[in-house]
Amino acid sequence: MPKGLPRKSFEWNYCATCGSTLVQDHDGEQERPYCAACDRFFYRNPIPASCLFIADEQNRLLFGRRGVEPCSGCWALPGGFMELLESAEECALREMEEETGLQGVDPVLLGTCSSRSPDKGAVLVLGFAIRNWSGILTPGSDVRELAFFSRHERPELPFDAHRSLLAIYDTLYS
Ligand SMILES: [Zn+2]
């Protein structure tokens, strides 16, 4: 990249290990950011995240009104990004407790969906149904309010991946 050009946000411009400027180089079939000093390619992979389908006895689903961007103020399904050394199921149950105050068991994987994210690049969303839970609804710091919605009351979801997973949920649990 010529000197003086503005760096693109969310692109990898520098080596995370030695700080050298990265160049695009061929790694087999793909071009990837490469550090010549470390002889290392940098792989940009989707970030795994969970999306939670928490149902009550009437098969109403729990939505949270988002308190953070993107789509702050919109009703959406609870969930969040996986941490290192955490299983997908552990991520689902941790995010559930953080965002809703509920303790769940036996999350069931519904399916996966890949999507673009304006601030994370790409996300691999893992949908989990959690029908076995206890506790008192308590909105987490990222959530303004929580409510259960029946199929006909549900707000429109702001994320494509969540809509795709909701269609799977409805096929399995309608
Ligand atoms: Zn380096």
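Which residues does Gln-24 touch, not counting residues up to four places away in sequence? Select Gln-24 together with Glu-31 and Pro-33: these two are the residues it touches under that condition, where contact means C-beta atoms, placed from the backbone, within 7 Å.

Before going on, note that this is a predicted model: local features need pLDDT of at least 70, side-chain atom pairs count only at pLDDT 80 or more, and totals for chains, interfaces and linings use all residues. Residues are numbered from 1 along each chain as its sequence is written.

**Stop 1: the two domains**

Colour residues 1-44 as domain 1 and 47-173 as domain 2, following the domain assignment of the chain; such bounds come from an automatic or database assignment. Between the C-alpha centres of domain 1 and domain 2 the distance is 34 Å.

**Stop 2: the hairpins of domain 1**

Select residues 23-27, strand β1, and residues 30-35, strand β2; they pair in the antiparallel sense over five bridges. Strands here are DSSP runs of E with at least two residues, helices are runs of H or I with at least four, and both are numbered from the N terminus. Two strands pair if DSSP finds at least two bridges between them.

Go to the turn of this hairpin, where two residues stand between the strands and Gly-28 takes a positive phi near 65°. Asp-27 stands opposite Gln-30 in β2. Return to Gln-24, which lies in β1: its bridge partner in β2 is Pro-33. Gln-24 counts as exposed because it has 11 C-beta neighbours inside 10 Å. On that count a residue is exposed with 12 or fewer other C-beta atoms within 10 Å of its own, buried with 20 or more, and partly exposed in between, with C-beta atoms placed from the backbone. Of the five residues of β1, the count of buried ones is zero. Now add Asn-13: its C-alpha lies 9.9 Å from that of Gln-24, and the two are 11 residues apart in sequence.

Next, select residues 40-41, strand β3, which runs antiparallel to β2 and is joined to it by two bridges. Cys-35 stands opposite Arg-40 in β3. Four residues separate β2 and β3 in their hairpin, and Asp-39 in the turn has a positive phi of about 50°.

**Stop 3: the sheet of domain 2**

Show β7, β4, β10 and β9, which form an open sheet of four strands in that order, with mixed pairing. β7 (79-81) and β9 (108-117) each have a single partner strand and stand at the edges, so one side of each is left without a neighbour in the sheet. Neighbouring strands of this sheet are turned by 20° against each other on average, direction ignored; axes are lines fitted to C-alpha atoms, for helices over the stretch in contact, and angles run from 0 to 180 degrees between N-to-C directions.

Zoom in on β4 (residues 47-54), which pairs with β7 in the antiparallel sense over three bridges. One place to look is Ala-49, whose bridge partner in β7 is Phe-81.

**Stop 4: the helices on the sheet**

Select helix α1, residues 88-100: it lies across β4, β7 and β10 (121-130) and runs at about 60° to β4. Helix α2, residues 160-173, packs on the sheet and touches β4, β9 and β10, its direction making about 160° with that of β9.

End at Leu-172, placed in helix α2. Leu-172 is exposed because 11 other C-beta atoms lie within 10 Å. Pick Phe-159 as well: its C-alpha is separated by 20 Å from that of Leu-172, 13 residues apart along the chain.
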